[in-house]
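Here is a guided walk through the charged side chains of one protein model. Keep the structure open beside the text and find each residue as it is named.

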Amino acid sequence: MRGLFNVPYHEDESVISMWSRLSTANGTKARLFSMDMSVNHYDLAKGEPGALARMAEVTALHPDFLAARSLVRLEAKNTTLAGHRFPSHNAIARTTTRFCPHCLQEDDARDHRFPQARRYFRLRWHLRAVRSCPYHNCMIVEGPDPENPDLNIDFSRYNRDYAKEIRRTTAEAVPLPFSSFEKFACDRLVGIKGHGDFLDEISLSLAIDLIEETGICLRYGKTFDRRDKLSETELHSVSEDAFQRISRGYGGLDDCLDLISGSDDTYNPRVGGTKLYGSLYLRIANRREPEDRSAYDALRKHALRNFPLSNRARVFGPLLESKLVSLPTWTKEHEVHHTTFRRLLKTLGHEQALVDSEGREPLINVDIAKKVLAYWRNLTTAAELERILGVGIDTMRVIQREGLLVPTLPKERNNRYAKYSHSDVETFLKKVIPEVPTSDIEGLYSFRSAVRRAHTGQGVVLRLLLDGRVTRRGIDPTHPNGIDALLLDPTELQDLIAERMAPGVKPADIMSIEQSAQYLQVGPDMVKRLIWNRLLPDVRLSIIDAASKNFGRGILRVDLEDFRSRYVSLEEIAKRYDFGRRKLHSLLLECAPDVKSKFPANIRTVFLNRRIAEDPEVVAAFEKQIARSINRRRPKSACPVTEDQFNQRTTKSA
């Protein structure tokens, strides 16, 4: 503006210092000069856009030049310095005058500058993180608190009123080398980057807080809460140590986080960042700058990578991307008992998926948990299976007993019910229920009625259906879809059973139970025991048009001859020697211990190994034992009862 004495401006000078020197050059105070120039001095100190625009008109400087050097006070506890947002006034010296006494001394020696306006306030002095001068390697000092608060925003007048105190601080200046951390802060303040991929991505205010607090945690521990008791020299030292590590990028940050979080503590899988990183987490929390999310993401990734945390843990918000969930919480949420869930893990071969979080609640990978849950949802109990198959409880018991539908999750001690897979049930139904039922239903009966008319069991018919042997299959539309709605031909079932049980066998080749007993010289019950224990194969033949429900049961003559060629009944030996069976059996075992068969206990006392029993040496030894024995028991017909014996027996019975 014409008529004013102009002063040269410096690249590292703050806006309020420019206005103070301009007012001093024109012989007045900054507040009065502002009134003359129609500028609100306090708005200028706050960095209001209107005040900066008016200053630009007065000084003929570009508004962007002034905005880049202004201190703007935003909402409570938020300040912007040179375009960098600081969420706390503690990081910015706004109401306190800080300076390097040697820099002011050098300003006084600049004779070419306007008198009383030679000293100017450097922009970097606003940053409390800058604790030393880059040119003189001495500590930045805080000047005396003025009685008039206006002097804090009128730097030239402040230097004039407190010149004596400022000269004293020059003599008492403490040496302090300018650190790499402080150079980083000064460079970022003016927009210079190139300090590592991590530090270049985050805001200046977060970088300063992160580096300082990391240094404190590395040296004093993450639970250290006496930061205000540390001296400027100690803060200068810890900040430089942390900067040397973090300036290496994300790898250096991870190393610092490893040292801070690594301890003997037992972490709950739901703990948050405060437990893991202590005061570092609290110092950098609640940031609003978009670029600060990269720092948050770095800590979240470190926590996920190094600690078994569930998705309910909080590190700058819930760790929703965590692949681990609490097993008790997951099972309770999805209504599955945790012991059943563990059993499913074992069944599917995912036992290693459980993560033991040092005595705390076990964790499991969420993908495997979803897979196991889907597997569990695909299972059904026998009670539910009755409805799906359309059968009664008796048919369901036949299916279970004969293993026609194998349970996917068998019944065990801790599992009350066996579980069946829906996919296996669908396959079972596709084999049993016809896709295209026969239209000619004459001679067809319902499933249960057809089983009774064929004189067979439900299990036999179901096996024929599963094997695809039954051709005529209809559906009763009056019944719910299922096995009970099937319509089958009893005559076809009888033919299939006869063909299956004895394919190509003639009736003359089959011996009945009674004939087989007579042939083996045992009782009929013993023949049935042989059949039940599957030691002698039987043949079941359906009797067409028979009124009885019983099968025509018999044994092939070939099978009987083969059995008799290998085994001999004790009755046959007893008849040959006219000797008591029990004594005969014991004498035979004395002569040949290996003569005993390997049948069950209720059968091996009746049948002996024929090859050993008829061995000539065994027979000779056996006959000698019989000859020497005095316990020969004669037939009852040869031992008449005397009158005395008859009277004794009558007395005992009375």
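Start with Arg566 and Asp562, whose side chains form a salt bridge with an N to O distance of 3.1 Å. The model is a predicted one. Both residues belong to helix H27, which covers residues 557–566. Arg566 and Asp562 are four residues apart there, about one turn of the helix. Arg566 has a relative accessible area of 37%, so Arg566 counts as partly exposed. Asp562 is also partly exposed, at 41% relative accessibility.

This pair is part of a longer list: the model has 28 salt bridges by the rule applied here. A second one joins the side chains of Arg472 and Asp489, at 3.4 Å from N to O. Arg472 sits in the loop between helix H23 (458–466) and strand E12 (473–475), while Asp489 sits in the loop between strand E13 (486–488) and helix H24 (490–501), so this salt bridge ties together parts that are 17 residues apart in sequence. The two partners fall into separate exposure classes. Arg472 has a relative accessible area of 24% and is partly exposed. Asp489, at 14% relative accessibility, is buried, because the limit for buried is under 20%.

A third salt bridge links the side chains of Arg283 and Glu213, with 2.7 Å between N and O. Arg283 is in helix H14 (residues 279–284) and Glu213 is in helix H10 (residues 204–220), so the pair ties together parts that are 70 residues apart in sequence. Arg283 is partly exposed at 23% relative accessibility. Glu213 is buried, with a relative accessibility of 4%.

Arg283 and Glu213 also belong to a network of salt bridges. The other residues linked in this network are Arg131, Asp209, Glu212, Arg227 and Glu232.

Now turn to a charged residue without such a partner. Which side chain of opposite charge is nearest to Glu240, and how far away is it? It is Arg131, at 9.4 Å. A salt bridge needs a nitrogen of Lys or Arg within 4 Å of a carboxyl oxygen, so a pair at that distance does not qualify. Glu240 is buried and has no salt bridge. Arg131 itself is among the residues of the network described above.

Where does Glu240 lie, and what does it touch? Glu240 is in helix H11, which spans residues 232–246. Leaving aside residues up to four places away in sequence, Glu240 touches Ser179, Ser180 and Phe181.

Definitions and conventions. Residues are numbered from 1 along each chain as its sequence is written. This is a predicted model: local features need pLDDT of at least 70, side-chain atom pairs count only at pLDDT 80 or more; totals for chains, interfaces and linings use all residues. Side-chain values use heavy atoms; hydrogens and water are left out. Helices (H or I, at least four residues) and strands (E, at least two) are DSSP runs, numbered from the N terminus. Buried means under 20% relative accessible area, exposed over 50%, partly exposed in between (1.4 Å probe, protein chains only). Lys and Arg count as positive and Asp and Glu as negative; His and the chain ends are not counted. Contact means heavy atoms within 4.5 Å.
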